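Hi there,

Here is the structure I promised to send over. Please have a look at it first, and then read my notes underneath.

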Amino acid sequence: MTNPRVSVLKTAVGLQCFLDRCFLDQETRSSSTQSTPSLALIQEFGHLRPQGLGLVPTMGALHAGHLSLIQRARQENAVVVVSIFVNPLQFAPGEDFARYPRSLAADLELCQSAGVDAVFMPEASDLLSQEPMTQVMPPPHLTDRLCGRSRPGHFEGVATIVLKLLSLVQPTRAYFGRKDAQQLAILQTMVRDLSLSVDIVPCPILREPSGLAYSSRNQYLTSVQRQQAAVLSQSLTQAQALLRQGYRDRETLLGGVRQHLAQEPAVQLEYLEFVHPETLAFLSEVKHTGMIAIAARIGTTRLIDNVVLDGRRPILAIDGPAGAGKSTVTRRSAAKLGLLYLDTGAMYRAMTWLVLQSGLSFADEVAIADLVSQANIELFPGAQPTDPLTVRVNGTDVTAAIRSLEVTSQVSTLAAQPAVRQILKQQQQAFGQQGGIAAEGRDIGTHVFPDAGLKIFLTASHEERARRRYQELQAAAALSDTPSKTPSITYEQLVTDIAERDRKDSQRAVAPLRKAEDAVELLTDGLSIDEVVDEIVTLYHKRCADPSYGV
């Protein structure tokens, strides 16, 4: 089956009409006597965009790296928009603006084949004012180093146009590659500082078979120069090897890279730095994470590359459908591996308890968001690895209280609220900053810890999960005082109910159930809990020893 023809939009007005058409419910459209609502109004009501909108900003000359961003956006969103705009604001006089690769026909063909919904390709006159225009000025400590030294004004131009694109498209998520690491750090800071309602999604560097990072400027290279340029990525792997050998100091790591670079005389090094991947602060050693960034010329072509060195223990993220045994498996795997079990369910229960204590209605999402955003959750491991965590909310021990029937009956309602999930996601990520944790849910590997060292999608057939649940109900009925001593629901109905739950969970507007692209799927039919745990422990140890871990 062929994809619907991609919409090609050349003006901001056309883009707005396209977006309104995408998200305006047909019944609302026909019954409304008012003008078409703006996307800002539509975004206020999440049910009108159940799976979100993904934006992939590009300058065209699309390659396999761009395609990986588009594919990620396609997987995670109902609508995908790709922008193609060679931004003059980010080119200094004498740079390659005029000869920057342009391949519009091929770009549109790639977008069409990848299932993109719309390509926004405005003229400069539609995005830029003729008069001096308002520009974004990122913090100097993000722009005065790395590429900013030799490209003054570059990142101001990037941030200005990206902000304009975010304003026009108002996406749920925007996708950027990690190769442009300084750009990524600046845009993440801009979104945070300006409180923009968009998730910046970092995507892995995609490489040619030689290891050379994909770039539109690779087109400038001759075949010989491509071979020479591969030394950049090869030199970065030397730093990874040194980290695995226990070396964490700046001098040793950068020295290993320089030594390998020296083997290729064609490399004209512009900079080689060791910085924090998010703050770009200069580092003296790898404590948690550090990034080695490089810029060099091969002939007249300027290339950049980087590698993130992760000195933390990898995070274990386990997702999967209800009834697959995630909680038990994750807790036991964490105990065997010596990881902290991050009980995300307990965090939602803790906030449910807090709402109940406050007397707020669970329908008052605004007040709940305000309450939860000010709450302080603390988790303390038990004396033994298998002991439950101690949970405190604003200093109060709620470990037992959050298991009450009242909390249990309301926790799903609270967990469905987007603001609550966003707040708790940030808190969960804070717990994971130092690594060494295990967590489970339905969006841990895709949303909460997308950079987890090992992602598992734990599942079982509908029949297997129904069988397990029916056995639990049989055991409970046998111990009850009811005369029948049999469950009140049939096995067949359980199969139907579980299938329906899976369908609903996969179509949720917030945190839908979805397997991460890089997750290992474990089908647990016929396996004992111990067998599943042993398999996860083996996979974790293999991942820790994998030379590519931390790239």
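Below is what I found, going from the cores to the sheet and then to two helix pairs. Please keep in mind that this is a predicted model.

Let me start with the nonpolar cores. The largest one has 35 residues, and Met351 and Phe449 make the most contacts inside it. Several elements supply at least two residues each: helices H15 (344-358), H16 (365-373), H17 (405-415), H18 (418-431) and H19 (444-448), together with strands E12 (377-380), E13 (390-393) and E15 (437-441). The biggest giver is H15, with eight residues. If you centre your view on Met351, you will see that this residue touches Val372, Ala375, Ile377, Val393, Leu414 and Leu424, leaving aside residues up to four places away in sequence. Another core, of 30 residues, lies apart from the largest one; Leu19, Leu53, Ala118 and Val198 are among its members.

Next, the sheet. Five strands make up an open sheet with parallel pairing, in the order E11-E15-E10-E16-E17. At its edges are E11 (340-342) and E17 (520-523), each of which pairs on one side only. From one strand to the next, the twist averages 20°. At the E17 edge, four bridges join this strand to E16 (residues 454-459), and the two run parallel. Thr459, for instance, has Leu523 of E17 as its bridge partner. Helix H14 (residues 326-337) packs on the sheet, where it touches E10 (316-319), E11, E15 and E16. The direction of H14 makes about 175° with that of E15.

Finally, the two helix pairs. H15, the main contributor to the largest core, also packs against H16: their axes come within 11 Å and cross at roughly 115°. H15 passes H16 in a right-handed crossing. On the H15 side the contact is made by Met351, Leu354, Val355 and Ser358, and on the H16 side by Ile368, Leu371 and Val372. So Met351 turns up here as well, in addition to its place among the residues with the most contacts in the core.

The other pair is H9 (residues 154-169) and H10 (residues 181-193), whose axes are 10 Å apart and which pack at an angle of about 50°. The two helices are therefore oblique to each other. Here too the crossing is right-handed, with H9 passing H10. H9 makes the contact through Phe155, Val158, Ala159, Val162, Leu163 and Leu166, while H10 uses Gln182, Gln183, Ile186, Leu187, Met190 and Val191.

Enjoy looking around, and do write back with any thoughts.

Best wishes

Key:
Residues numbered from 1 in each chain as written. Predicted model: local features only at pLDDT ≥ 70, side-chain atom pairs only at ≥ 80, totals over all residues. Heavy atoms only, no water. Core = buried A, V, L, I, M, F, W, Y, C linked by side-chain atoms within 4.5 Å. Buried < 20%, exposed > 50% of the residue type's maximum accessible area, 1.4 Å probe, protein only. Contact = heavy atoms within 4.5 Å. Pairing = 2+ DSSP bridges. Axes fitted to C-alpha atoms, helices over the stretch in contact; angles between N-to-C directions. Parallel < 35°, antiparallel > 145°, perpendicular 65-115°, else oblique. Left-handed = near helix turned anticlockwise from the far one by under 90°.
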